[in-house]
Amino acid sequence: MENVDKLEMNSSAADRRLSTLARHLAVTINNEGSSIFSSPTSAGDSAFANVARAPEDPILGVTVAYNKDPSPVKLNLGVGAYRTEEGKPLVLNVVRKAEQLLVNDRSRVKEYLPIVGLADFNKLSAKLILGADSPAIHGNLVTTVQCLSGTGSLRVGAEFLARHYRERTIYIPNPTWGNHTKVFTLAGLTVKTYRYYDPVTRGLNIQGLLEDLESAPTGAIVLLHACAHNPTGVDPTLQQWEQIRQMIRSKSLLPFFDSAYQGFASGSLDGDAQSVRMFVGDGGECFIAQSYAKNMGLYGERVGALSIVCRTADVASRVNSQLKLVIRPMYSNPPIHGASIVATILKDRNLYHEWTLELKAMADRIITMRKHLFDALGARGTPGDWSHIIKQIGMFTFTGLNRKQVTFMTKEYHIYMTSDGRISMAGLSSRTVPHLADAIHAAVTTVV
Ligand code: KET
């Protein structure tokens, strides 16, 4: 009987997923001119002859365009990836050290990891975001699984929710990281937005945010950026976080934190985890997707973790058992190298300390770039108020430049950025600030 129930549950979950997929594909066909239903054709023709070319990704596609540009002055401020003052990608010293330790350890093998990943990595990741003294950790209320960076953690969390949670609507901020809508929709959730950014004040629309959460259905999922909101660089104050927390708890909404920039906002790992810790501190449940792409510079290693904080240890352990069923048919188990680097650093007091210094140096360099750009625009007398450049937090500045101005800057100045006017401050250096300031000045004064 129990098995039949389970089968029925699974089949209705499968139906839901199929109908969501069908809806998504219908949108895809309309928007991107694709059709997967082309019938096989006569010999010689491709069975995929009707496949239309899809547009490039709005963020990663910027790098594709940049790579094709032969100009010596070209500048990639699209993707959020840290560059040094010399404009080069950075492998942290502490990462090199950890890798050396791993290579020298002949006892290490290349066996499969468990479905949920490296146990040490999972424990240490939960500790990093929740704090070493977190009662949730000590009470075994947290289950953590290693996933494929931040994106994979969001996706696994979303898949779990689509299967096991009663309310399948997720509210995401407007605007947000472009991939959120796709990740959640394809997992089978319905995506709605809540007001977040006010273009007039270039700050948080806290009133609109609270109103939208208040009118959300009881139990709805709410996606929150733990810190360094992407793309706006606008974070709630601690007092506003408290208002958000009260609203979320009073409506029994389920918070899902995306933590892709811990340490990058303030330069402090603990400081940037305050929002999450506030929510875990009240004893309520929550989801957290962590990424080590930016704060350890492990972009291509794809290291991240999904933590689910539950009411009881028993629930946490049952949730863990179901997460395995989500992961196994998707990618079986996660890769070992990146997670081993992270675990090596997090468990060694000296390496950990060294990491915090390197992380702070990256965060500080970004803050310095903000000041340089702000001063450079001031020096040029560029019309408008540019103080948001120094007020915003994290890797990005949400400039307020419109699509036409962005196109102009790319065409005339070979500056690559996302079409919403976001620039990655981490891609700037003292040498390139004047070029960017010239481009912004020209765009603002010549293109409306
Ligand atoms: N969440 C947010 C808010 C985010 O900005 C990113 C990446 C991710 C998750 C996923 O990161 P991962 O590499 O899966 O750990 N953002 C940058 C890169 C990208 O778009 O993939 C970006 O916005 O440029």
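Student: In this predicted model, which residue has a polar side-chain atom 2.5 Å from an oxygen atom of the ligand?
Tutor: The pair joins an oxygen atom of the ligand and a polar side-chain atom, 2.5 Å apart. A polar contact needs N or O atoms within 3.5 Å. The side chain belongs to Ser149.

Student: How much of the ligand does the protein bury?
Tutor: The area to start from is that of the ligand taken alone, which exposes 510 Å². Of that area, the protein buries 92%.

Student: Which other residues have polar atoms beside an oxygen atom of the ligand, one through its backbone and one through its side chain?
Tutor: On the backbone side, a polar atom of Gly80 is 2.8 Å from a ligand oxygen. On the side-chain side, an N or O atom is 2.9 Å from a ligand oxygen, and its residue is Arg302.

Student: How many residues surround the ligand?
Tutor: The closest are Ser149, Thr151, Asn230, Asp258 and Ser291. By class, the shell has seven nonpolar, seven polar and four charged residues. The number of residues around the ligand is 18.

Student: Which helix gives the largest share of the shell around the ligand?
Tutor: The largest share is three residues. They come from a helix that spans residues 149–164, namely α6.

Student: Where does the ligand lie with respect to domain 1 and domain 2?
Tutor: The ligand sits in the largest pocket. Domain 1 covers 60–90 + 365–446, and domain 2 covers 112–347. Both give residues to the shell, so the ligand lies between domain 1 and domain 2.

Student: Which residue follows Asn230 in a cis peptide bond?
Tutor: Most peptide bonds are trans. The bond that starts at Asn230 is cis, with omega near 15 degrees. Asn230 is also among the residues closest to the ligand. The residue at the other end of the bond is Pro231.

Student: Which loop holds Ala228, a residue with a positive phi?
Tutor: Most residues other than glycine have a negative phi. Ala228 is not a glycine, yet its phi is about 50 degrees. Pro231 is found in the loop between β7 (221–225) and α9 (238–250). Ala228, too, is in the loop between β7 and α9.

Student: Where is Pro175 found?
Tutor: The peptide bond from Asn174 to Pro175 is cis, with omega near 0 degrees. Strand β3 spans 169–174 and helix α7 spans 179–187. Pro175 is in the loop between β3 and α7.

Key. Residues numbered from 1 in each chain as written. Predicted model: local features only at pLDDT ≥ 70, side-chain atom pairs only at ≥ 80, totals over all residues. Heavy atoms only, no water. Near = heavy atom within 4 Å. Polar contact = N/O pair within 3.5 Å; in protein donor to acceptor, adjacent residues only side chain to side chain. Areas by Shrake-Rupley, 256 points an atom, 1.4 Å probe, with all protein chains shown as cover. 1 Å grid on protein atoms, 1.4 Å probe; cavity = no way out; pocket = protein on both sides within 12 Å on 5 of 7 lines; lining within 4 Å. Sits in = over half its atoms within 2 Å of the grid points. Helix = DSSP H or I, 4+ residues; strand = E, 2+ residues; numbered from the N terminus. Nonpolar A, V, L, I, M, F, W, Y, C, P; charged D, E, K, R; others polar. Domains from an automatic or database assignment.
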